[in-house]
Amino acid sequence: MPPILTLKHLASRTGISWYHLRKMVLGSRASDYTFFKIRKRSGGHRQISVPDAKLMAVQRWIAAHILSELPVHRASFAFAPKSSIRRCALQHCGARWLIKMDISGFFGSISELKVYRVFLEAGYSPLVALELTRLCTHAPSGSKRYDRPEWLAHATRRKIPAYRQFHIGYLPQGAPTSPMLSNLVMRELDKEIAALAARAGVTYTRYSDDITFSTNGDFDRARAMLLVRQVTARLRRVGLSVNGRKTCIVPPGARKVVLGLLVDGAEPRLTREFRDHLRQHLYYLEKVGPEAHRDARKFDTVSGMHRHIRGLIDYAKSIDEGFAAKMRLKFDSVPWSPDVAPPSEDA
C-alpha cells in the first residue's frame, strides 16, 4: 500500500489541498455531492450521489492506488480486473438448479464502520484510516436511515473533537470508491457463504448485490430453501437484508437466466427479449429518425439516446460479436447529426 502518514501527506500525493481535504473530512459530507434519482426497472427510484470535482479526484486516487491493490474473494465478479457479467454467468452454464437472491439497498447498507476496518486492515493508522473512510462515505442529513437508532453515532471521546459526527456515514452510490469498497467489505462474508455453498454442493457467485447459486448434482427445493434461509441469516447478521421479491429458485426444465444472460447451454447467451429490444430501437431509428424516436421513447436528448443504444450494442458485443456487428452497421447508418455522432468516432 502507498504510505500515507497524515492528511497533509495525502494532500501532497493527490494534488488536492489540505484545506479542501480537511473540509471534506470535517463536514457533513453531503455538501460535497450532487444528488439525483433514476428510475429502477423493478420499480421505484435509486438515488445517485455524484462527488464534486475535487472529491472525485481524491476518490479516484484512492481507488487506483489503494483499493485496486487489495484482494477480493474469488466468488466476486464485479468491479475487479478481468471481472464481467459474462464470466459470472459462465460459472452457472448448464446448471440443473439455480437459486437467485438480491441484497436490498446494497451500497447504502454498508456503514463507515465497515469501511474503516478495510483501511485499518490494509495497514493504515487509525487516524488515517478514519480520514480515508470519511473521504469515501457520506452522511446526508435528510437520509431516512437516520430515523433508525442504529445509524446514530454514539458519543465518543475523540482526540480530534471536530471529527465527531452525529450520523454514521455509508457508501454513496455514484462514488468511484464505492464498488471496490463494497467488495472488500464483503470479503469475509463471501468466504462464509462460499463455505456454505461448498457444503451444499453448489457453485456460489456474487455480482455486486446479485447472489447466485447453481448445481448440476442431486438437489431439491427443500435443500434450496434451507440454503436461502442460511444465507439470509448471515446477511442480516452484518446489517444486510434480502429482497424477498427477487429471491428465486429455478428447478430443472425451467428457463435459466443469470444477470440477464441465458445459461442453459455451454456459453452465456443474450436473451430473445434483449435482442428484440435492440432490433426495435434500430428499426424505428431507421423508419422515423432520431428526433421522432427520442420523443416516442421519452429520452431527454438525442445524444443521451445515442449513448444508451450504443451502450446496448457494446454490451451485446461482449456476449455475441456477430449479432453486435450487424446491429452496429444499422446503428451507424442512422442519420445522426454531427454533434451527436462526429465522423471521427471509432467504429
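Over how many bridges do β8 and strand β9 pair, and in which sense? To find out, open this predicted model and select residues 261–262, which make up β9. β8 and β9 pair in the antiparallel sense, over two bridges.

**Stop 1: the sheet**

Now add residues 257–258 (β8) and 269–270 (β10) to the selection. The three strands form an open sheet in the order β8-β9-β10, with antiparallel pairing. β8 and β10 are the edge strands, and each pairs on one side only. Strands of a sheet pair through backbone hydrogen bonds, either parallel or antiparallel. Within β8, pick Val-258; Leu-261 in β9 stands opposite.

**Stop 2: His-92**

Keep Val-258 on display and select His-92, which touches Val-258. His-92 lies in the loop between α4 (85–90) and β3 (97–104). Its relative accessible area is 0%, so His-92 is buried. Leaving aside residues up to four places away in sequence, show what else His-92 touches: Leu-98, Thr-203, Thr-205, Thr-212, Phe-213, Ser-214 and Val-263.

**Stop 3: Tyr-146, Tyr-170 and Arg-145**

Next come the aromatic rings, which form ten pairs in the structure. Select Tyr-146 and Tyr-170: this pair is tilted, with 6.4 Å from centre to centre and 55 degrees between the planes. Both residues sit in the loop between α6 (126–136) and α7 (178–185), and they are 24 residues apart. Tyr-146 and Tyr-170 are both buried.

Add Arg-145 to the view. Arg-145 lies over the face of Tyr-170, at 3.9 Å from the ring centre. Then show Trp-151, since Arg-145 also lies over the face of that ring, here at 5.2 Å from the centre.

**Stop 4: Phe-274 and Tyr-315**

Select helix α10 (residues 272–288) and helix α12 (residues 302–319), then show Phe-274 in the former and Tyr-315 in the latter. These two residues are 41 residues apart, and their pair links distant parts of the chain. Why does the pair count as edge-to-face? The ring centres are 5.4 Å apart and the planes stand at 70 degrees, and the edge-to-face class takes planes over 60 degrees apart.

Are Phe-274 and Tyr-315 buried or exposed? Phe-274 has a relative accessible area of 15% and is therefore buried. Tyr-315 is at 24% and so counts as partly exposed. The cut-off between them is 20%: buried means under that value.

**Stop 5: a phenylalanine cluster**

Finish by selecting Phe-79, Phe-106 and Phe-107, which form one aromatic cluster.

Terms used:
Residues numbered from 1 in each chain as written. Predicted model: local features only at pLDDT ≥ 70, side-chain atom pairs only at ≥ 80, totals over all residues. Heavy atoms only, no water. Pairing = 2+ DSSP bridges. Helix = DSSP H or I, 4+ residues; strand = E, 2+ residues; numbered from the N terminus. Phe/Tyr/Trp six-rings, centres within 6.5 Å; stacked < 30°, edge-to-face > 60°. Buried < 20%, exposed > 50% of the residue type's maximum accessible area, 1.4 Å probe, protein only. Lys NZ or Arg CZ within 6 Å of the ring centre and 35° of its normal. Contact = heavy atoms within 4.5 Å.
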